[in-house]
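Here's a quick look at a few local features, strand by strand and then out to the surface. Have the viewer open while you read.

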Amino acid sequence: MHLWVEFASYVIKQLGQARVAVIGQAFPYTAIANPKRFVPDWQFGIEEQNLQLTIDEIKRLKAADVIVLLSHNGLDVDVKLASQVSGLDFILGGHTHDALPKPFSVKNRGGQTWVTNAGSHGKFLAVLDLDIVNGRLRDFRYRLLPVFANLLPSDPDMQGLIDSIRAPYLTKLQTPVAVADQLLFRRDNFHGTFDQLILDALMTVHDAEIAFSPGFRWGHTVLPGDEITFEDIMNHTAITYPETSIRRLKGHEIKSILEDVADNLFNKDPYYRQGGDMVRVGGMTFRCNPGAAMGSRISDLALTGSALLQVNKTYKVAGWAGVGEPLSGAPVWDAVVKYLKS
């Protein structure tokens, strides 16, 4: 038995005397970038043609004065999409965490569409003021307002809800594990020091030569001298598929993995870019030429401080957050805690 659920593809917001249509766009690669078992009966895609049909329907019904796409595509995909479809006034996007101080115009056969992204992690509040006269967009103003959370009072009801949910876990979350001797951060295209900490933990605990860690973009920064609590570790590792794994991979297989991830990031066609950062690697180095063709971007793979990887030699590789079948290893935060305590 299949249960079919149909969602409205857009809503009409009445703002004063104006009507704004908001179309939703989910992340098109959800079932690839995450375990398929979490969404076994769902299909995702950019759906360019269906989007155009939706825009055309809104215009035919004269249901809105302005049409906005609320997108989780990622900036590069949004820019191409804006050039392919017509009738959108704005694309307010996310996923790639780009904080654009102002929108930029993308030309298409119907005129132009303004595209912008507003960062991530609540660092900014995007404010879009629309000047709509006689059912048409006459002008607009867009601003990114920085959010200083420590200067803003929390909403009492929301804070109470958060406190009640955290209460059973608070003691464990606040447990000190270590003290940071350097700036620990995540958010760089190829490397982050907190990522390196995770990689070092995987290699040490699992006695591996090489480690892989996903190019995630979330997780706060820990300053030098700050206490590292269990919550700090969870802020960088808490996902629903955190299990660790050990694999025996040949040199050419390691290169193939790096090439595949690089193509997700640097493919010349934005529609094939899934967003995210390059997979983090520990125990080895490599060179990457983003502008090269698929299969030719990655070169000079070598164990750290050692010789180049051999194509047919087998290496012990630790990792976590696999998107295939469920893994049986302990969650990655256990490895990080064990490593730090040692």
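What follows covers some strand pairing, one loop residue and a surface patch in this predicted model.

## The β1–β2 hairpin

Let's start with strand β1 (residues 10-15) and strand β2 (residues 18-25): they run antiparallel and are joined by six bridges. If you want a pair to click on, Gln14 sits opposite Arg19 in β2.

The two strands make a hairpin, with two residues between them. Have a look at Gly16 in that turn, where phi is positive at about 65°.

## On to β3

β2 has another partner to check out: strand β3 (residues 66-71). Here the pairing is parallel, again with six bridges. A handy marker is Gly24, which stands opposite Leu70 in β3.

## Asp65, in the loop before β3

Asp65 belongs to the loop that links α2 (48-61) and β3. Is Asp65 buried or exposed? Its relative accessible area is 15%, and the cut-off for buried is under 20%, so Asp65 counts as buried.

And what does Asp65 touch? Leaving aside residues up to four places away in sequence, Asp65 is in contact with Gln17, Ala18, Arg19, Asp89, Ile132 and Gly135. Arg19 is the residue of β2 that stands opposite Gln14, so to speak a familiar face by now.

## A nonpolar patch outside

Over on the surface, Leu125, Leu145, Val147 and Leu152 form a nonpolar patch. Together they offer about 320 Å² of accessible area. One of them, Leu152, is found in the loop between β8 (136-146) and α4 (156-166).

Note on methods. Residues are numbered from 1 along each chain as its sequence is written. This is a predicted model: local features need pLDDT of at least 70, side-chain atom pairs count only at pLDDT 80 or more; totals for chains, interfaces and linings use all residues. Side-chain values use heavy atoms; hydrogens and water are left out. Patches are made of residues with over 30% relative accessible area and no salt bridge: like charges are joined within 9 Å, nonpolar side chains (Val, Leu, Ile, Met, Phe, Trp, Tyr) within 5 Å. Accessible areas come from the Shrake-Rupley method with a 1.4 Å probe; for residues, only the protein chains shown count as cover. A salt bridge is a side-chain nitrogen of Lys or Arg within 4 Å of a carboxyl oxygen of Asp or Glu. Helices (H or I, at least four residues) and strands (E, at least two) are DSSP runs, numbered from the N terminus. Two strands pair if DSSP finds at least two bridges between them. Buried means under 20% relative accessible area, exposed over 50%, partly exposed in between (1.4 Å probe, protein chains only). Contact means heavy atoms within 4.5 Å.
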